[in-house]
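Welcome! Here are some exercises to work through with the structure open beside you. Try each task yourself before you read its solution.

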Amino acid sequence: MSTAVDTEPEAVGFDADRLAAVGRFLRRYVDDGRLPGWSLLVSRHGRIADASIYGRRDLEADLLIEPDTLFRIYSMTKPITSVAAMMLYEQGAFDLNDPVSRFIPAFAEPRVYVGGPANNPATVPAVEPIRMRHLLTHTSGLTYGFHRVHPVDEIYRRQGFEWGAPVGMDLATCCESWAKMPLLYQPGAEWVYSIATDVLGRVIEVLSGQSLDQFFRTRILDPLGMTDTGFTVPADRQDRLAALYTPDPDTGAASRYDTIGVAAIKGDRFLSGGGGLVSTIGDYHRFVQFLLRGGESETGVRLLGDRTLSYMTRNHLPGGVDLTTYGRPLFAETRYDGMGFGLGFSVLMDPVANGTIGTAGTVAWVASRAPRSGSTRRRIWR
């Protein structure tokens with residue numbers, strides 16, 4: 001599937017002048033230094049109405065963004081992992097109410113934080129197990145170290161889990177460590193964006209007998225023609241990889257951050273189902289089109305049932321509430337008002353409450369980041 005424009009905007013219901021305004025708006029982020037560059041693709045009914053690039057993939061080397069530029073897609077990995085899990089669900093490999101400990105025994109006796117500092121937390125036993133549906137809906141009680149708002153977040157960081165995992169750890173050993181840390185809340189009681197999708201990636205490994213990268217390659221990426229997507233960028237493609245930048249804590253300008261960006265080049269034993277993939281805009285468009293086709297590849301190969309996808313993209317939060325009601329008030333890239341959450345996807349329920357001119361039922365992926373508080377803090381666009 002090409003990333004070139006293949007239709008006039010009006011042919012698929014867009015106004016060309018108004019569509020061009022999107023690019024004009026985004027250019028400001030590059031022109032004022034907040035972003036090094038961007039790539040934009042807008043399609044409808046499978047036809048590409050706009051494909052724009054602007055800025056640089058590497059400011060220091062003065063390399064421009066190209067249509068085939070490789071980006072670290074971070075949390076856009078999560079929907080792929082969620083689809084992978086539900087492919088196994090369709091095969092009867094697990095039930096949504098199954099305890100995660102059935103597949104990862106280390107999670108058999110989780111404990112929940114109730115007070116105290118990170119170096120001496122008070123905990124109580126979980127009243128129910130972490131279940132598979134908790135992982136898919138981010139209601140497991142797990143968290144991220146980079147949130148920086150709770151003692152449990154600090155516990156994660158003390159163990160080396162902030163933007164990734166300690167050197168040399170794989171998914172199996174990470175899960176062993178996470179299972180020993182207290183949960184943020186009782187399983188199913190709240191919603192917090194977390195490492196749950198990384199744990200889900202380990203379950204996929206256990207159920208399939210394959211490493212996560214092997215499962216992705218053979219079951220999803222190759223069938224969809226996503227040949228540029230993977231956890232590590234091969235040597236012959238590294239010149240296409242965009243450098244990693246974060247907002248400077250003081251100025252907000254794009255600041256190079258190779259410290260964790262190097263993982264995509266050197267490779268990492270930690271195959272993060274929550275944020276480890278590198279991809280191109282063309283490859284990810286293939287994945288999105290697969291979703292829009294109801295689980296069928298461009299070549300007509302069905303990878304996931306359309307009823308399964310429909311079920312995944314409903315709001316699964318108890319009582320039909322939104323993230324503002326059920327989630328903790330963390331800094332986020334999207335508003336939580338009017339936003340529900342399904343099995344791996346955020347679901348827009350009420351555009352008015354959300355403050356956006358959107359369509360109820362729109363699905364995406366919600367990304368949270370640590371609050372900005374102090375010049376030593378790093379935030380990464382996830």
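**Exercise 1. Find the order and the pairing sense of the open sheet that holds strands 10, 11 and 12.**

Step 1. The three strands form an open sheet in the order 10-11-12, and their pairing is antiparallel. Helices (H or I, at least four residues) and strands (E, at least two) are DSSP runs, numbered from the N terminus.

Step 2. Strand 10 (339-341) and strand 12 (363-364) are at the edges, each with a single partner strand, so one side of each has no neighbour in the sheet.

Step 3. Strand 10 pairs with strand 11 (residues 346-348) in the antiparallel sense over three bridges; two strands count as paired if DSSP finds at least two bridges between them. Met339 stands opposite Leu348 of strand 11.

Before going on, a word on the model. This is a predicted model, in which local features need pLDDT of at least 70 and side-chain atom pairs count only at pLDDT 80 or more, while totals for chains, interfaces and linings use all residues. Residues are numbered from 1 along each chain as its sequence is written, and side-chain values use heavy atoms, with hydrogens and water left out.

**Exercise 2. Is Leu348 buried or exposed, and which residues is it in contact with?**

Step 1. Leu348 lies in strand 11.

Step 2. Its relative accessible area is 7%, so Leu348 is buried. Buried means under 20% relative accessible area, exposed over 50%, and partly exposed in between (1.4 Å probe, protein chains only).

Step 3. Leaving aside neighbours within four places in sequence, Leu348 is in contact (heavy atoms within 4.5 Å) with Gly338, Met339, Asn354, Thr356, Gly358, Thr359, Ala360, Gly361 and Thr362.

Step 4. For a distance check, take Gly230: Leu348 and Gly230 are 118 residues apart in sequence and 29 Å apart in space, C-alpha to C-alpha.

**Exercise 3. Which strands stand at the edges of the sheet with the order 1-2-3?**

Step 1. This is an open sheet of three strands with antiparallel pairing.

Step 2. The edges are strand 1 (37-44) and strand 3 (63-64); each has a single partner strand, so one side of each is left without a neighbour in the sheet.

Step 3. Strand 2 (residues 47-58) and strand 3 pair in the antiparallel sense over two bridges, and Arg56 stands opposite Leu64 in strand 3.

**Exercise 4. Where do His45 and Asp62 lie, and what is the phi of His45?**

Step 1. A general point helps here: most residues other than glycine have a negative phi.

Step 2. His45 lies in the loop between strand 1 and strand 2. Its phi is near 55 degrees, a positive value in a residue other than glycine. With a relative accessible area of 66%, His45 is exposed.

Step 3. Asp62 is in the loop between strand 2 and strand 3, and has a positive phi of about 55 degrees although it is not a glycine.

**Exercise 5. How many bridges pair strand 5 and strand 6?**

Step 1. Strand 5 (residues 111-115) and strand 6 (residues 122-125) pair over four bridges, in the antiparallel sense.

Step 2. Tyr113 has Thr123 in strand 6 as its bridge partner, and Gly115 stands opposite Ala122 in strand 6.

Step 3. The hairpin has six residues between the strands, and in this hairpin Gly116 takes a positive phi near 95 degrees.

**Exercise 6. Is His134 buried or exposed?**

Step 1. Look for His134 in helix 3 (residues 132-137).

Step 2. His134 counts as buried, at 1% relative accessibility.

Step 3. Not counting residues up to four places away in sequence, His134 touches Glu128, Pro129, Thr139, Ser140, Pro187 and Gly188.

**Exercise 7. How many helices and strands does the protein chain have?**

Step 1. The secondary structure comes to 13 helices and 12 strands.

Step 2. The radius of gyration, taken over C-alpha atoms, is 20 Å, close to the 21 Å of the globule rule for 382 residues, so the protein chain is as compact as a globular protein of that length. The globule rule is 2.2 Å times the number of residues to the power 0.38.

Step 3. Of the 382 residues, 49% count as buried.
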